[in-house]
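Trainee: I have a model to go through. Can we take it in short questions?
Mentor: Yes, let us start.

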Amino acid sequence: MKLVSPGEAAANTNDMSDKAGEDLVRIGEMAKKYGVTLRTLRFYEDKGLLNPQRDGSTRLYTRRDKARLKLILLGRKVGFSLRDVKQMMDLYDPSGSNTKQLRLTLDKSEKQLARLQKQRALIDDAISELSNSMAAVRQMLSERSAPQASVAG
């Protein structure tokens, strides 16, 4: 999981409204573009994962918010909790080396990869068991339907 590059491209939220030509996106556009609900975006905001600008009651998302949402969605896709995602993103420092963030990300990623590999092994076993059971049931069905076909003929 690469956390530094999108954050570097996004910079700091405090001065975003001062940038000329900033590409601000409303909540509906943001939700549609990333395939999430409005409720999801508001939830992420409540949890401190996103921090859109406000124009009255209108939420306006910056490039930084878009980068953070991409990271949230990637983190969720690979099985990280929102707490883990927030912890990793909050360590980002636009003017620092981010070694602490990178170490934490690597540590959490290694642990998550081990969990996913264990789940894969369990799923592979379950698939094998189910396939074997289905083969046995098919065999029983074919044995029981064969005599009936010959009797009927």
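Mentor: Contact means heavy atoms within 4.5 Å. The model is predicted: local features need pLDDT of at least 70, side-chain atom pairs count only at pLDDT 80 or more, and totals for chains, interfaces and linings use all residues. Residues are numbered from 1 along each chain as its sequence is written, and side-chain values use heavy atoms, with hydrogens and water left out.

Trainee: Which residues does leucine 41 touch, not counting residues up to four places away in sequence?
Mentor: Apply the contact cut-off and skip the sequence neighbours up to four places away. What remains is Ile27, Met30, Ala31, Val36, Leu50, Tyr61 and Leu69.

Trainee: Which helix gives the most residues to the largest nonpolar core?
Mentor: A nonpolar core is a set of buried (under 20% relative accessible area, 1.4 Å probe, protein chains only) Ala, Val, Leu, Ile, Met, Phe, Trp, Tyr and Cys residues joined through side-chain atoms within 4.5 Å. This core has 19 residues, and Met30, Leu41, Leu50, Leu69 and Ile72 touch the most other members. Helices (DSSP runs of H or I, at least four residues, numbered from the N terminus) H2 (27–34), H3 (38–46), H4 (63–77) and H5 (82–90) each supply at least two of its residues. The top contributor, with four residues, is H2.

Trainee: Is arginine 83 buried or exposed?
Mentor: Arginine 83 is found in helix H5. Exposed means over 50% relative accessible area. Arginine 83 has 70% relative accessibility, so it counts as exposed.

Trainee: How far apart in space are arginine 83 and lysine 47, C-alpha to C-alpha?
Mentor: In sequence, arginine 83 and lysine 47 are 36 residues apart. In space, the C-alpha to C-alpha distance is 8.9 Å.
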